Amino acid sequence: MAGRINDDDVKAVRDAVPIDAVVSEYLQLRNAGGGNLKGLCPFHDEKSPSFHVSPAKGLYHCFGCQEGGDTVDFIMKIDHLSFAETIERLASQAGITLRYEEGGYTPGRQQGERTRLVEAHKIAAQFYAEQLDGAEAEIARAFLAERGFDQSAAQHFGLGYSPAGWDHLTRFLRGRGFSDQELVLSGLSQEGRRGPIDRFRGRLMWPIRDIAGEVVGFGARKLREDDNGPKYLNTPETPLYRKSHVLYGIDLAKKEIAKTSRAVVVEGYTDVMACHLSGITTAIATCGTSFGEGHIKILRRLLMDHSGSEVVFTFDGDAAGQKAALRAFEDDQKFAAETSIAITPGGMDPCDLRLAKGDAAVADLVESRTPLFEFALRHVASRHNLDTTVGRAAALDEAAPIVARIKNSSIQHESAVQLAGMLGILDTQFVVRRVSQLARWARERGRDGGPDQSRPQQRRGPAAPPEQARPAAPRGPALNLRSPARRVERELLKLALQRPDLVSPAFDAYGADEFTAPPYAVVRQCIEDAGGATAGAADPSYVPRVREAAPDDTVRAMVTELAVEPLLTRRDPDEAYAGVQLATVRIAAVDARIADLEGAARRSEAQGDHAGSAAMLQELWVLQQYGKTLRERGAAAL
């Protein structure tokens, strides 16, 4: 059987794949200063970015949930892979051939479950794409042509065709070394009377990729009347595919979404294709389910959740489309982005619109969008008799909370004025005050920890039993960071990890007793065990060595945090800045030693130990002179 991956190959993989390139596949990163990048954490919900990446150190750390580590740790956590699976994936991306010790490597047997399922889907996508050129797939090619999609469009989106026989793909994948159990688990096959058969037969196939670009499932469109299945058939829930956590087209749209701060949400696969071919390359769609919480998390990480970003929903103008729009509005407050709606004319979806009126019509559809809250207000108004006082009052009761939920205060005020006119209420200020009052109450409930209708609710339930409770993530030491002494100690450790050239060799002469917080003393010891700051000044493997020297995961997480956390200076750190930190920490240590000696000398004198007291007073005088020199000359006195 295969053994462990060769250590040199593991190191080569770590060095070959930049952490910022890997993380950027999952979320948008922006400059955080000091050579670091930041974005919205993919491991917990947050409104402002606290997830920092240090390309120079090859590390990431979230100051919100305390998750951190290197490139391998990131992939293992976000994609739930084993260490070996992660190294294999990164090696494949970097073009590195791995060596396995203790018996060599047997492809297809030693890979982890997820890696195997991803590989099966990759091969299946290639198989289906090849079938689209065959004679049997003429009906699929005709379907695409009728909707304005040529061969190049099919190739761009990776479309394919599943043969109408019972087990064409199943037999093909068996020949590539996949077991029946793997094929059923993947959702590519299903149990038949005599064993596994193909799940998709005689259908047009859309590969569904995750945000990293890996095929995790398929959408299949019925083509023949004798097909008794549903019009669209998707991959079932599998270890790879959860429909509430995938967006069709996200792999193609993610860079443009991050660049333009806009995402366009459409309803189907062909709509995504039509939008992209019309120049709307930020279009994505859900896969057989309504737009929900999991999809929001994906988009928020790409949009960076700032107020200038926008999510545009396109829906048909029929009753079902209006219902879908209102359902989307319920999730509006889960975005910091503005949400808008574009209603397609005449009940046409973007695919039909492109076919009937061309690419420009699709682009015009998106540009003609209106704010989603405005659409919701019109819907409310349409359900009440505004010719009566009772009807106007009822409409105001229902509509005012909608306006109060608007995040932008200036837009909220203007919308309240607009609502008064829409409902025919002459006293505009009454409506403005009503909305303002509701918004204030919502904010107060939020501060008090009570229910806040302007924010997503959290389910409250019984606490999980101890055996099911998730262990708390390491959060670092429980320190009073407002203490100037400890804050400076932290800054000095950050410099020792991030800019060892600025603090060496002086830092390496500092003892553990110069760090008043015990956890910081442990980190200092890790730096010493890794060769010291002097050795790390020109060594790219310095920080990884310090992390390896950590005695446990808590200290290792702290090292990662300190290596990524921004320094407390707006300018690039220099020797003068580093010198201030070195001198301040040393002064604090000297002052602490002076205080100890003064107390000990008094105790010795009271006990009649005059010789001992005299020795302490001599040491005390030396330290006092040293402390005075440090205050006068700073780092030059070290």
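**Exercise 1. In this predicted model, state how strands β1 and β2 pair, and describe the turn that links them.**

Solution.
Step 1. Find the strands. β1 covers residues 30-33, and β2 covers residues 36-39.
Step 2. Assign the sense. The two strands pair antiparallel, over three bridges.
Step 3. Pick out a bridge. Gly33 has Asn36 of β2 as its bridge partner.
Step 4. Look at the turn. Two residues sit between β1 and β2, and the unit is a hairpin. Gly34 lies in the turn and has a positive phi of about 65 degrees.

**Exercise 2. Find the strand that pairs with β2 over three bridges, apart from β1, and name the residue opposite Gly39.**

Solution.
Step 1. Go to β3, residues 51-54. β2 and β3 pair over three bridges in the antiparallel sense.
Step 2. Check the residue facing Gly39. Phe51 in β3 stands opposite Gly39.

**Exercise 3. Work out the strand order of the open four-stranded sheet and place helix α6 against the sheet.**

Solution.
Step 1. Write the order. The sheet reads β6-β9-β10-β11, and the pairing is antiparallel.
Step 2. Mark the edges. β6 (160-162) and β11 (232-234) each pair on one side only.
Step 3. Add the twist. From one strand to the next, the twist averages 35 degrees.
Step 4. Inspect one pair. β6 and β9 run antiparallel and are joined by three bridges. Gly160 has Met205 in β9 as its bridge partner.
Step 5. Place the helix. α6 (residues 138-146) packs on the sheet and touches β6, β9 and β10 (215-222). The direction of α6 makes about 70 degrees with that of β9.

**Exercise 4. Locate the largest cavity and classify its lining.**

Solution.
Step 1. Recall the approach. Rolling a probe the size of a water molecule over the atoms shows where empty space is left.
Step 2. Count the hits. Searching the whole structure gives one cavity of 30 Å³ or more.
Step 3. Give the volume. The largest cavity holds about 40 Å³ of space.
Step 4. List the lining. The residues are Phe157, Pro207, Arg209, Tyr248, Gly249, Asp251 and Leu252.
Step 5. Sort by class. Four lining residues are nonpolar, one is polar and two are charged.
Step 6. Tie the lining to the fold. β9 (203-209) and α10 (250-260) each supply at least two of the lining residues.

**Exercise 5. Decide whether Ile587 is buried or exposed, and find what Ile587 touches beyond four places in sequence.**

Solution.
Step 1. Place the residue. Ile587 belongs to helix α26, residues 575-606.
Step 2. Apply the cut-off. Buried means under 20% relative accessible area. Ile587 has 15%, so Ile587 is buried.
Step 3. List the contacts. Leaving out residues up to four places away in sequence, Ile587 touches Leu630 and Arg631.
Step 4. Check a distance. Leu623 lies 36 residues from Ile587 along the chain, and their C-alpha atoms are separated by 10.0 Å.

**Exercise 6. Summarise the protein chain by secondary structure, burial and contacts.**

Solution.
Step 1. Count the elements. The chain has 27 helices and 16 strands.
Step 2. Take the burial. Of the 638 residues, 48% are buried.
Step 3. Take the contacts with a separation of 6 or more. Residues 24 or more positions apart account for 67% of these contacts.

Key
Residues numbered from 1 in each chain as written. Predicted model: local features only at pLDDT ≥ 70, side-chain atom pairs only at ≥ 80, totals over all residues. Heavy atoms only, no water. 1 Å grid on protein atoms, 1.4 Å probe; cavity = no way out; pocket = protein on both sides within 12 Å on 5 of 7 lines; lining within 4 Å. Points joined across faces, edges and corners; volume = space filled by probe spheres on them. Nonpolar A, V, L, I, M, F, W, Y, C, P; charged D, E, K, R; others polar. Pairing = 2+ DSSP bridges. Axes fitted to C-alpha atoms, helices over the stretch in contact; angles between N-to-C directions. Contact = heavy atoms within 4.5 Å. Buried < 20%, exposed > 50% of the residue type's maximum accessible area, 1.4 Å probe, protein only.
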